[in-house]
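Visitor: Hey, got a minute to walk me through this one? I'd like to get a feel for the fold before I look at side chains.

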Amino acid sequence: RGQFVGRLQLASDAQRATATLNATAEPLQLVNSADGTIAWNEPKVDLATVAAYTNADDQLQLSSINLTGKTVKMEGSGVVEQLKTAGLVSSDLTITYDAAELGRLLAFYLGPNIQITGANQATLAATGRLYSVNAGINAPALPQTWNATSSDNHSLGIPGGLVSTQPQAPNELAHWSRRWQLKTATGWSAANVFGLPIGHAQVVADIHDGQAEFQPLQLAVGPGGKVSLTPRVLLDANPQILEIAPGQVISNVTISPEVSDRMLKYAAPIVAGAARTEGSFSFFLNGAQIPLRQPKTGKLDGRLTVHNLAVTPGPMIQDIANLIKQVDALSKNGQNIGQNLSDNLNQGLGNINQGLGSILGAVSPQKPAAAEPIKGITMSEKAIDVTVAEGRVYHKNLEFLIDDVPVRSNGSVGFDETLNIVIEVPIQQKWVGSKPALQSLVGQVIQIPVAGTFAKPQVDNRAVGNFVTQAAQQAAGGIIGEEINKAFDKILKPR
């Protein structure tokens, strides 16, 4: 969005015409047509070039192209062959840009988790066709811009000799990325992508046949880590899509608190809010399709492997750990339940009613002993299935240890940090001890739903209460039967 105002100086004879252009735009803006937000703003842009047209060979030569703005500068030259008929363009440009401004432009499309610094120059070689393939010599086609229609060109005052007065069929209006071939190269000295500290890189892309293909990227990440990407962008798709080739895209990257908070917590919520993290991770990608304008609606599927993770728990896992510790404390408080029941029942059949009341009181949930602080969460070479769809990251079979208790997590985390997770905790042998009536509980799973957000997790502790109730009922039934049999044996035993 913007308007160039300037001066065009013309000179011509029978063989040659020359135009010297000097113009200024205040401002020049790149605007998202979907919602009107400004992606890139140049307060002032100056454009200068000299164009020379030679009648004999129908050629337009552009020299000394110079575009200068606050954050970008472009220099180069170009030529247009067969200007009246095909409009075959060839140009070479050098672009110098403000790396911080490019980072802000990337953030506009990809969010604030993409940051680049350092190198700030790119080269661009472009060849293409100004007009439609089916245009004849006597009926030059409508010059195409990325979004313009024929009415747009008339309103912009494009000379009538270059505008077809006949409407063209839609199949003649090829997308610009199918009529142009561009090769560009740029890079950076350092970058940060979702908390990953990435070193120097060179980025080379070819645009042709409706897509932008990138040469494979081999990026060093921190000490010993690596990211390997082969991306391409489908430019003539609606919407435009970023695809990443399947393969091992992340290898042995160190897990830091920043990586955990900005990226890893969506696939492995147990690292959310961790004050201390150790270990590394890798990721194998099965496939990814990410709309450029709405990346959070993209789809991704792969497998995350965590190598030797050790973290101090954040608020959500600490709440779950406290529940587990309470169950453990309850089991320790209940070690003498059997002896209490025996004492009550040994009074004989005449006191069974009284004994039953004592039994039920003995196996009712008691106030737990104070839970010991959790030491930490650990994982060792565990693979997690990860899927991204509809703005949420789904994980399956996330297995880890809270101290020495095995725990499993399944569910999803939204990019808005909302939680929909189920934590599964199998009943441990040590929690039921040697009581025969409770042995059937060992291995059964307590399912603990977790909702809310990372900032305010809502851990549903009713599952633990249900387990305690079930344990009490089984203990009561088993111990009642056992102790009544003992009482009968004493009464009926021959003297």
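Visitor: How many helices and strands are there in the protein chain?
Guide: This is a predicted model, and its secondary structure comes to nine helices and 28 strands.

Visitor: And what share of the residues is buried?
Guide: Of the 495 residues in the protein chain, 41% are buried. The accessible surface comes to about 25900 Å², and carbon and sulfur atoms account for 55% of that.

Visitor: What about contacts between residues 24 or more positions apart?
Guide: Taking the contacts with a separation of 6 or more, 55% are between residues 24 or more positions apart.

Visitor: OK, switching to charges. How many salt bridges are there?
Guide: The count comes to 12 salt bridges. One of them pairs Arg-178 with Asp-236, with the closest N and O atoms 2.6 Å apart.

Visitor: Where do those two sit in the chain?
Guide: Arg-178 is in helix H3, and Asp-236 is in the loop between strand E17 and strand E18, so to speak of sequence, they are 58 residues apart.Visitor: Is that pair buried or exposed, or something in between?
Guide: In between: Arg-178 counts as partly exposed at 46% relative accessibility, and Asp-236 counts as partly exposed at 30%.

Visitor: What does Arg-232 pair with?
Guide: Arg-232 meets Glu-243 in a salt bridge, at 2.9 Å from N to O. Arg-232 lies in strand E17 and Glu-243 in strand E18, so this pair ties together parts that are 11 residues apart in sequence.

Visitor: Why does Glu-243 count as buried?
Guide: Because its relative accessibility is 14%, and buried means under 20%. Its partner Arg-232 has 31% and counts as partly exposed.

Visitor: Which residues are joined into a network by shared salt-bridge partners?
Guide: Start with Glu-399 and Lys-382, whose side chains meet in a salt bridge at 3.7 Å, N to O. Glu-399 is in strand E24 and Lys-382 is in strand E23, 17 residues apart. Salt bridges that share partners then join Lys-382, Glu-399, Arg-408 and Glu-424 into one network.

Visitor: How accessible are Glu-399 and Lys-382?
Guide: Glu-399 is partly exposed at 27% relative accessibility, and Lys-382 is partly exposed at 30%.

Visitor: New topic, holes inside. How many cavities of 30 Å³ or more does the structure hold?
Guide: Two. The second largest cavity has about 40 Å³ of space in it.

Visitor: What lines the second largest cavity?
Guide: The lining is Leu-323, Ile-324, Val-327, Val-425, Trp-431, Ile-446, Ile-448 and Val-464. Helix H5 and strand E27 are the elements that give two or more residues to it, and H5 provides the largest share, with three residues.

Visitor: Any idea how that lining splits by class?
Guide: Eight nonpolar residues, no polar ones and no charged ones.

Visitor: Now some serines. Where's Ser-409?
Guide: Ser-409 lies in strand E25, which covers residues 405–414. At 2% relative accessibility, Ser-409 counts as buried.

Visitor: What is Ser-409 in contact with, leaving aside neighbours within four places in sequence?
Guide: Ser-409 contacts His-395, Lys-396, Asn-397, Leu-398, Phe-400, Ile-421, Val-422 and Ile-423. Ser-409 and Pro-269 are also 8.7 Å apart, C-alpha to C-alpha, while being 140 residues apart in sequence.

Visitor: And Ser-260, buried or exposed?
Guide: Ser-260 counts as buried, at 2% relative accessibility. Ser-260 is found in helix H4, and beyond its neighbours within four places in sequence, Ser-260 is in contact with Ile-255, Lys-265, Val-271 and Thr-277.

Visitor: Last topic, backbone oddities. Where is the peptide bond to Pro-27 in terms of omega?
Guide: The bond from Glu-26 to Pro-27 is cis, with omega near -10°. Pro-27 sits in strand E2. The bond from Asn-238 to Pro-239 is cis too, with omega near 5°, and Pro-239 is in the loop between E17 and E18.

Visitor: What about phi for Phe-194?
Guide: Phe-194 is not a glycine, yet has a positive phi of about 50°. Phe-194 is in the loop between strand E11 and strand E12, and is partly exposed with a relative accessible area of 27%.

Visitor: And Glu-381, what's its phi?
Guide: Near 50°, a positive value in a residue other than glycine. Glu-381 lies in the loop between strand E22 and E23, and is partly exposed with a relative accessible area of 48%.

Note on methods
Residues numbered from 1 in each chain as written. Predicted model: local features only at pLDDT ≥ 70, side-chain atom pairs only at ≥ 80, totals over all residues. Heavy atoms only, no water. Salt bridge = Lys/Arg side-chain N within 4 Å of Asp/Glu carboxyl O. Buried < 20%, exposed > 50% of the residue type's maximum accessible area, 1.4 Å probe, protein only. Helix = DSSP H or I, 4+ residues; strand = E, 2+ residues; numbered from the N terminus. 1 Å grid on protein atoms, 1.4 Å probe; cavity = no way out; pocket = protein on both sides within 12 Å on 5 of 7 lines; lining within 4 Å. Points joined across faces, edges and corners; volume = space filled by probe spheres on them. Nonpolar A, V, L, I, M, F, W, Y, C, P; charged D, E, K, R; others polar. Contact = heavy atoms within 4.5 Å. Areas by Shrake-Rupley, 256 points an atom, 1.4 Å probe, with all protein chains shown as cover.
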